[in-house]
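Work through the exercises below with the model open. Try each task before reading its solution.

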Amino acid sequence: MSKPMSNLSRRQLLFGLGTTWKERRWKDEETPPSEEEKKAAEEVSEALTRTLENARAAWRNDDPSAAVPLYREYLRVKAEDIGVHAELGVCLYYLEQYIQARVEFERVLRSRKTDDQTALLLGLSLLQKGKLDKARKAFDAYTALDGVKAVIDAHLPNLEQGGDLSDSIAAIEAVLDRESLNFRKTGQETTASG
């Protein structure tokens with residue numbers, strides 16, 4: 001028998017000294033899930049898969065406003081799925097919800113430091129909110145050698161001298177074709193989770 005909880009000090013509670021070795025051993029042993037628990041887990045997994053498929057289908061059908069709640073529903077259960085955070089961020093960006101998109105892109109970049117596409121979209125989100133210095137840092141993380149980098153390098157000095165923000169964003173977005181986002185064409189995660 002263990003001591004009544006009211007007679008234990010905080011230290012004893014913290015270090016588990018209020019339980020006997022038998023109670024600790026039994027607590028540590030896992031009991032295998034029952035058939036009902038396995039079936040319930042499969043149903044939840046299937047429902048999550050359908051939710052993610054529906055979100056991606058909505059995005060492919062040019063309906064990001066329908067995709068966002070589905071992505072969020074999926075991420076409530078699978079918050080560790082970084083690729084889906086990136087997909088949600090892209091939807092939010094195209095809905096002009098730049099602050100929320102920025103949060104998602106930053107979450108992705110904390111896990112995958114070398115995700116060029118996400119760094120670019122983070123930079124664009126920051127530019128949309130007029131945060132030029134932070135956008136420059138995000139663009140500096142963009143290492144792909146393509147037409148986008150050249151456009152960024154051409155427009156940032158203009159912006160620093162007070163140039164038109166909307167023209168620069170439009171030029172960068174024009175090079176970043178919306179169709180270039182992998183998951184939209186294929187229905188797959190943007191890149192492998194890191």
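**Exercise 1: Salt bridges in one helix**

Glu106 and Arg102 sit 4 residues apart in helix H6, about one turn of the helix. The model is a predicted one.

Task: Find how far apart N and O are in the salt bridge of Glu106 and Arg102.

Solution:
- Step 1. The side chains of Glu106 and Arg102 meet at 3.0 Å, N to O.
- Step 2. Glu106 has a relative accessible area of 26%, so Glu106 is partly exposed.
- Step 3. Now take Arg107 and Glu104, whose side chains form a salt bridge at 3.3 Å, N to O. They are 3 residues apart in helix H6, about one helical turn.
- Step 4. Arg107 is partly exposed at 29%, whereas Glu104 is buried at 9%.

**Exercise 2: A pair between helices**

Task: Decide whether Arg56 is buried or exposed, and do likewise for Glu87.

Solution:
- Step 1. Buried means under 20% relative accessible area.
- Step 2. Arg56 has 11% relative accessibility, so Arg56 is buried.
- Step 3. Glu87 has 0%, so Glu87 is buried.
- Step 4. The two form a salt bridge, with the closest N and O atoms 2.8 Å apart. This pair links distant parts of the chain, helix H3 and helix H5, 31 residues apart.

**Exercise 3: Helix H7**

Task: Work out whether the span of H7 agrees with its 13 residues.

Solution:
- Step 1. At 1.5 Å a residue, H7 should span 18 Å.
- Step 2. Its end C-alpha atoms are 18 Å apart, so the span agrees.
- Step 3. Of the 13 residues, 12 are buried, so H7 is largely enclosed by the rest of the structure.
- Step 4. At the N-terminal end, Asp115 caps H7. Just after H7, Gly130 has a positive phi of about 80 degrees.

Technical notes. Residues are numbered from 1 along each chain as its sequence is written. This is a predicted model: local features need pLDDT of at least 70, side-chain atom pairs count only at pLDDT 80 or more; totals for chains, interfaces and linings use all residues. Side-chain values use heavy atoms; hydrogens and water are left out. Helices (H or I, at least four residues) and strands (E, at least two) are DSSP runs, numbered from the N terminus. The expected span of a helix is 1.5 Å times one less than its number of residues. Buried means under 20% relative accessible area, exposed over 50%, partly exposed in between (1.4 Å probe, protein chains only). A polar contact is a pair of N or O atoms within 3.5 Å; within protein, one must be able to donate a hydrogen and the other to accept it, and residues adjacent in sequence count only if both atoms are side-chain atoms. A salt bridge is a side-chain nitrogen of Lys or Arg within 4 Å of a carboxyl oxygen of Asp or Glu.
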